[in-house]
Amino acid sequence: MESPETLPFETAEKIILRWDSTASEEAREKMIFDGDRQEVDRYLQAVDEIQRSMSSASISDDPKVNCALQIAMARLEDEFRNILISHTNPIEADSLIDPTSLHFTTPEDEEDHDQQQQQQQQQDTAADSSSSSSFSSASKQRHLNDGDSSEADGCANLFRFNSGDGASSVNSSYRSTSSIREIDLIPSEAVYDLRSIAERMISSGYLRECIQVYGSVRKSAVDASFRRLGIEKLSIGDVQRLEWEQLEAKIRRWIRAAKVCVRTLFASEKKLCEQIFDGVGTAIDDACFMETVKGPAIQLFNFAEAISISRRSPEKLFKILDLHDALMDLIPDIDVVFDSKSSESIRIQAAEILSRLAEAARGILSEFENAVLREPSKVPVPGGTIHPLTRYVMNYISLISDYKQTLNELIVSKPSTGSRYSGDPSTPDMDFTELEGKTPLAIHLIWIIVILQFNLDGKSKHYKDASLSHLFIMNNVHYIVQKVRGSPELRQMIGDEYLKRLTGKFRQAATSYQRATWVRVLYCLRDEGLHVSGGFSSGVSRSALRERFKSFNAMFEEVHRTQAVWLIPDSQLREELRISISEKLIPAYRSFLGRFRSHIESGRHPENYIKYSVEDLEDAVLDFFEGTPVSQHLRRRSQ
């Protein structure tokens with residue numbers, strides 16, 4: 001504390017010169033502010049006397065005064081630096097917790113998190129070993145494909161989805177503004193000394209030196225905290241050269257670290273600047289704050305900027321939306337922490353990155369729609385099962401629905417392709433007036449389903465067997481329906497009306513399959529053409545009847561052999577179709593057999609014509625759509 005007694009100039013000069021580190025070994029080895037408090041007060045009093053002497057017109061030009069002032073300022077600069085360094089300790093672990101999520105954000109915790117996630121993904125892969133390797137887990141640890149071993153040619157190349165933070169340096173005194181959580185970086189006694197030195201340096205015209213010393217020491221402290229948070233020094237070019245799988249983990253870490261940086265680290269640095277420099281001069285606290293954090297802040301936001309301008313592809317959408325939501329959440333805090341004119345560039349950068357992330361998300365969604373429409377694979381998936389494209393797209397839009405609030409704010413227009421009368425055979429027609437009242441995102445999701453079906457209709461034409469073509473459409477549209485029904489968010493957006501339309505389409509495909517397969521088989525079991533001329537009572541043509549049985553046997557055996565290797569992955573749908581087949585086939589065969597068995601059994605070798613009982617056919621139908629080859633000969637029960 002400063003004494004009310006005024007020191008004579010000569011006494012003040014002696015005190016200043018005694019602590020001249022260029023002239024005294026003792027002065028070089030000892031720091032004034034590390035010693036006795038009375039010595040500190042006497043030195044500050046001596047500095048005050050030198051400053052008063054400088055303001056006196058009679059002696060202001062005295063070389064002795066100027067020399068004493070320069071020595072005093074050099075000493076205070078060293079003391080200022082020493083106090084800052086000696087009280088700059090690593091931020092404690094509990095201060096690296098994001099207060100909004102209670103997640104530790106040190107690299108060690110992040111690494112543990114990533115290892116657990118990787119182990120979970122390996123377990124998922126083992127549980128679902130038949131999934132296509134090109135369609136792996138999503139950014140949110142969901143699989144975009146769920147159990148299809150087949151993969152159409154070209155589909156994997158178009159869609160690649162890997163798909164899916166001294167002992168008194170920290171006190172418990174916080175000042176909360178919204179979600180901002182300030183901590184005391186330096187103890188109050190040291191802050192008092194720093195402010196005492198800063199006042200004297202700045203009033204003597206040593207503002208630049210004071211700011212430079214402060215900024216260099218505190219910036220090193222911020223850099224150390226960045227390292228603890230796992231924030232790397234990466235240029236925009238460095239970020240863009242990384243593989244997306246590497247970036248996904250870095251984005252997760254960045255989101256957690258950015259919250260701590262803005263809400264705790266930068267906010268606390270701002271508070272420290274205010275404690276030391278507020279009121280000392282015009283906006284000096286802002287200047288010191290920017291000297292400290294401008295470089296780290298640019299480094300922090302450059303990562304998000306690099307992601308926002310990187311090459312667009314479908315697998316990046318969800319991490320870009322995560323970044324967008326995190327930055328959107330931080331914008332109010334950024335505006336509070338960087339509220340001065342000198343920090344306007346940081347606010348502008350953050351706002352521009354947010355805008356670019358939004359534009360990137362819109363662009364990816366639009367490009368995804370076009371990619372689904374143009375996906376070129378032409379090799380039919382074996383057995384008419386669910387196409388990898390169907391699995392990918394439906395799991396993708398299920399993930400999209402998790403971001404409905406964000407995307408509804410970002411999407412302001414209808415899909416860029418498609419209209420009621422497009423006149424383009426390569427683009428489906430769609431009447432958007434039917435979707436009035438639905439959210440922008442819902443319209444886009446319905447449009448994606450429309451273009452997916454349009455693409456699938458084209459792929460179905462590559463099957464040579466019309467029955468298999470219908471089965472393929474049935475399987476894929478049924479899968480679309482089940483995915484919509486299984487997601488409450490997706491179902492709410494799509495709506496029951498459109499869901500009914502989809503249900504009708506896969507049921508129509510099932511009906512078309514049955515017609516294409518079974519009409520010709522059942523045609524063998526008709527009465528027409530079996531009776532000899534001369535009236536119904538004249539009898540039955542045994543030769544015609546034998547041919548009819550032979551034709552039925554041959555057709556059914558071929559259908560059984562062929563369609564046993566076809567696949568309906570959904571067990572309920574598979575059983576429903578079998579029941580529907582049996583309801584038509586079994587009664588017709590039973591009736592035909594009942595009417596004409598005696599005519600065959602009364603002749604020679606009846607076993608060559610009546611090869612199967614009703615029970616044999618019932619058993620055979622159970623082989624259908626299992627995706628498993630069967631013997632060329634049906635299993636027969638003893639007759």
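**Note on salt bridges and helix packing in a predicted model**

1. Lys341 and Glu344 form a salt bridge in which the closest N and O atoms are 3.2 Å apart. The structure under review is a predicted model, and this pair is a convenient place to begin. Lys341 has a relative accessibility of 68% and therefore counts as exposed, given that the cut-off for exposed is over 50%. Its partner Glu344, with a relative accessible area of 28%, is partly exposed.

2. The pair just described belongs to a wider set, for a search of the whole structure finds 36 salt bridges. Some residues are joined in a network of such bridges, namely Arg574, Glu575, Arg578 and Glu626.

3. A further salt bridge links Lys271 with Asp184, and here the closest N and O atoms are 2.5 Å apart. Where do the two partners lie? Lys271 belongs to helix H10 (residues 244-277), whereas Asp184 is in the loop between strand S4 (180-181) and helix H7 (188-203), so the bridge ties together parts that are 87 residues apart in sequence. Both Lys271 and Asp184 are buried.

4. The salt bridge between Asp322 and Lys319 is of a local kind: the two residues are 3 apart in helix H12 (residues 317-337), which means that about one helical turn separates them. Their closest N and O atoms are 3.7 Å apart. Are these charged residues buried or exposed? Asp322 is buried, and Lys319 is buried as well.

5. Helix H12 also contains Leu327. The relative accessible area of Leu327 is 0%, so this residue counts as buried. Leaving aside residues up to four places away in sequence, Leu327 touches Phe301, Ile334, Ala350, Ile353, Leu354 and Leu357. As for Ala351, it is 24 residues from Leu327 along the chain, and the C-alpha atoms of the two are separated by 8.7 Å.

6. The remaining points concern the packing of helices. Two packed helices are described by the angle between their axes together with the distance between those axes. For helix H1 (residues 9-18) and helix H3 (residues 37-55), the angle is about 120° and the axes are 9 Å apart. H1 and H3 are therefore oblique to each other. The crossing in which H1 passes H3 is left-handed.

7. Which residues make the contact between H1 and H3? From H1 come Phe9, Thr11, Ala12, Glu13, Ile15, Ile16 and Arg18, and from H3 come Glu39, Arg42, Tyr43, Ala46, Val47, Glu49, Ile50 and Ser53. Sorted by class, this contact has 8 nonpolar, 2 polar and 5 charged residues.

8. A second helix pair consists of H4 (residues 63-86) and H8 (residues 207-229), whose axes come within 10 Å and cross at roughly 20°. Since angles under 35 degrees count as roughly parallel, H4 and H8 are therefore roughly parallel to each other. The crossing in which H4 passes H8 is right-handed.

9. On the H4 side, the contact with H8 is made by Glu77, Phe80, Arg81, Leu84 and Ile85. On the H8 side, the participants are Glu209, Cys210, Val213, Tyr214, Val217 and Arg218. The composition by class is 7 nonpolar and 4 charged residues, with no polar ones.

Methods: Residues are numbered from 1 along each chain as its sequence is written. This is a predicted model: local features need pLDDT of at least 70, side-chain atom pairs count only at pLDDT 80 or more; totals for chains, interfaces and linings use all residues. Side-chain values use heavy atoms; hydrogens and water are left out. Axes are lines fitted to C-alpha atoms, for helices over the stretch in contact, and angles run from 0 to 180 degrees between N-to-C directions. Helices (H or I, at least four residues) and strands (E, at least two) are DSSP runs, numbered from the N terminus. Angles under 35 degrees count as roughly parallel, over 145 as roughly antiparallel, 65 to 115 as roughly perpendicular and the rest as oblique. A crossing is left-handed if the near helix is turned anticlockwise from the far one by less than a right angle, and right-handed if clockwise. Contact means heavy atoms within 4.5 Å. Ala, Val, Leu, Ile, Met, Phe, Trp, Tyr, Cys and Pro count as nonpolar, Asp, Glu, Lys and Arg as charged, and the others, Gly among them, as polar. A salt bridge is a side-chain nitrogen of Lys or Arg within 4 Å of a carboxyl oxygen of Asp or Glu. Buried means under 20% relative accessible area, exposed over 50%, partly exposed in between (1.4 Å probe, protein chains only).
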